[in-house]
Amino acid sequence: MGNQKKHTWRNWSGSQSCNFQGFMAPSTEKEIIDIVERCRESKTPLKFVGSSHSFSHIIADDSSVLLSLESYAGILKIDESARTVRVKAGTSVHDLSRALWAKGWALENLGDIEEQALGGAICTGTHGTGVRYKNLAGFVREFTLVSPDRGRQVLWAEDPEFKSTAVGAFAFGLVTEYVLDIVPKYLLKLDMFPASMSEFESNFKEWVYQNRNAEVFWFPGSESALVKLTNEVQDQNVEIKNKKSEFFANYIENKAFGLLNRLNKSMPFCNGALVKILEKLLPSTTKIDYSYKVYATVREVRFQETEWSLPITALFDVLKEMRAVVGKGNFKTLFPVEFRFVKKDDLHLSPSYGAEDRVYIAAHTYYKDSFYREYFRQLQQIFLRYGGRPHWGKMFFATAADFQGMYPMLDKVCSLRELHDSQGLLPTTTLKECVFGNFKKT
Ligand SMILES: Cc1cc2nc3c(=O)[nH]c(=O)nc-3n(C[C@H](O)[C@H](O)[C@H](O)COP(=O)(O)OP(=O)(O)OC[C@H]3O[C@@H](n4cnc5c(N)ncnc54)[C@H](O)[C@@H]3O)c2cc1C
């Protein structure tokens with residue numbers, strides 16, 4: 001690939017880093033197609049990057065060149081009658097939300113940050129919470145893929161290959177454009193309050209099924225939880241009310257929480273006392289704001305994360321087993337375990353694939369805590385026993401044997417992947433070893 005300069009790359013949490021053989025940020029689709037074609041001809045491994053907010057081994061690969069869509073961003077068209085937006089895949093969720101809002105539109109659901117590029121967010125199965133809403137890939141009507149062997153291809157939702165490629169596209173090619181469903185813009189009211197884990201169990205049905213979006217955070221080593229319930233506000237003239245919750249977000253979730261984590265790191269023997277302080281700080285507050293502002297949170301305290309999707313009916317059995325790992329405070333973290341709820345879908349590599357709606361369970365630690373591997377491994381063992389699937393963008397230690405049977409359509413996906421990337425230029429070594437090397441040719 002010519003005289004590319006080495007490029008040092010690190011992800012958001014610092015869990016992954018790499019010296020790439022070169023870095024390219026093309027600004028036209030023609031340049032993108034040329035780069036992918038030149039990589040195919042020269043057999044140069046190629047990786048794509050969005051905003052580097054993934055924790056897992058899906059980008060870093062020393063022998064590769066790195067292609068970013070940071071210069072290929074922006075809205076191409078809002079089609080009001082079809083209720084869709086055509087957007088370049090390098091656009092951030094942040095920029096898309098604001099541009100849509102200015103024209104009276106919004107996305108129906110979002111995750112809890114907005115820094116991601118659409119390509120990165122959609123192809124890893126990024127999701128928000130709300131049992132009536134699918135992950136972000138569920139909003140895709142059409143996308144344009146540039147792959148080493150097939151070149152440029154447009155995939156519509158009705159195309160038989162769409163289901164195999166919309167989530168997991170990073171292993172097939174570079175997505176350059178999406179057409180996404182949009183809805184008229186809406187306001188949300190967030191109610192946030194402390195509760196106990198036994199209240200979570202007894203109020204589960206009401207919280208999860210009678211609210212638009214429900215999210216529960218459980219603090220390890222305690223029975224304390226923080227609950228967030230969000231609902232649409234019908235009165236468009238209602239007063240925007242966000243001061244108190246913004247104070248909480250800025251000063252408690254970030255500044256005070258950062259300080260507590262630094263103390264916890266230097267004095268782990270104080271963990272029990274710090275958990276008690278944290279329990280006292282859990283707020284009761286409400287917020288009414290533009291939908292995208294209610295979804296997004298500011299995350300200044302860096303962390304490591306694993307997240308697994310499980311059948312929602314397994315939740316309380318899983319929770320019972322998790323108590324031995326999380327409830328006893330064996331791992332001295334102050335970061336909560338998070339529970340979110342997502343509608344099932346039919347995309348072959350989506351962690352939400354299948355016949356049942358899903359609960360997503362995420363565990364976190366302060367980014368400097370080295371015990372995260374052991375903590376996440378112990379939880380992973382539980383999740384695997386209950387049909388869990390890891391989020392593609394979060395850390396996981398699952399092996400090829402674990403992936404066997406995890407995705408019923410994996411053989412079909414792998415055969416199709418070969419047609420897009422017969423030289424295996426796109427997946428990282430880890431992905432080849434645990435997912436895409438592991439298939440029978442049909
Ligand atoms: C603080 C924080 C909060 C988060 N909150 C949530 C959340 O609420 N819900 C959730 O589900 N996840 C969440 N995540 C995870 C995050 O949404 C995913 O990891 C997402 O992939 C990150 O997007 P990105 O643009 O940074 O992608 P990257 O991490 O840069 O890339 C992710 C993958 O996508 C590929 N890729 C990127 N662009 C393209 C493209 N155009 N075509 C093909 N492949 C491409 C890359 O090669 C890589 O394999 C969070 C992560 C962090 C750090």
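Domain bounds here come from an automatic or database domain assignment. Keep in mind as you click around that this is a predicted model.

**Stop 1: the domains.** Colour the chain in three pieces: 7–68 for domain 1, 75–184 for domain 2 and 187–400 for domain 3. Now look at domains 2 and 3, whose centres, taken over C-alpha atoms, are 25 Å apart.

**Stop 2: where they meet.** Select the residues in contact across this boundary: you should get 31 from domain 2 and 35 from domain 3. Together the two domains bury about 3000 Å², with carbon and sulfur atoms giving 58% of that area. Next, show Trp-101, Asp-112 and Val-131 as sticks; these three supply 24% of what domain 2 buries against domain 3, more than any other three residues.

**Stop 3: the polar side of things.** Stay on Asp-112 and bring up Arg-299: their side chains form a salt bridge, 3.9 Å from N to O. Across the interface of domains 2 and 3 there are three salt bridges, and 16 residue pairs are in polar contact, both partners at pLDDT 80 or more. On the domain 2 side, highlight helix 2 (93–102) and helix 4 (162–165), the elements that each give two or more residues to the face touching domain 3. That face is made up of 11 nonpolar, 13 polar and seven charged residues.

**Stop 4: Asn-203.** Finish by jumping to helix 5 (residues 197–209), where you will find Asn-203. Is Asn-203 buried or exposed? With a relative accessible area of 23%, Asn-203 counts as partly exposed, because buried means under 20% and exposed means over 50%. For a last distance check, pick Lys-328: its C-alpha is 23 Å from that of Asn-203, and the two are 125 residues apart in sequence.

Methods: Residues are numbered from 1 along each chain as its sequence is written. This is a predicted model: local features need pLDDT of at least 70, side-chain atom pairs count only at pLDDT 80 or more; totals for chains, interfaces and linings use all residues. Side-chain values use heavy atoms; hydrogens and water are left out. Helices (H or I, at least four residues) and strands (E, at least two) are DSSP runs, numbered from the N terminus. Buried means under 20% relative accessible area, exposed over 50%, partly exposed in between (1.4 Å probe, protein chains only). Contact means heavy atoms within 4.5 Å. Buried area is the accessible area (1.4 Å probe) that two parts lose on being put together, summed over both. A salt bridge is a side-chain nitrogen of Lys or Arg within 4 Å of a carboxyl oxygen of Asp or Glu. A polar contact is a pair of N or O atoms within 3.5 Å; within protein, one must be able to donate a hydrogen and the other to accept it, and residues adjacent in sequence count only if both atoms are side-chain atoms. Ala, Val, Leu, Ile, Met, Phe, Trp, Tyr, Cys and Pro count as nonpolar, Asp, Glu, Lys and Arg as charged, and the others, Gly among them, as polar.
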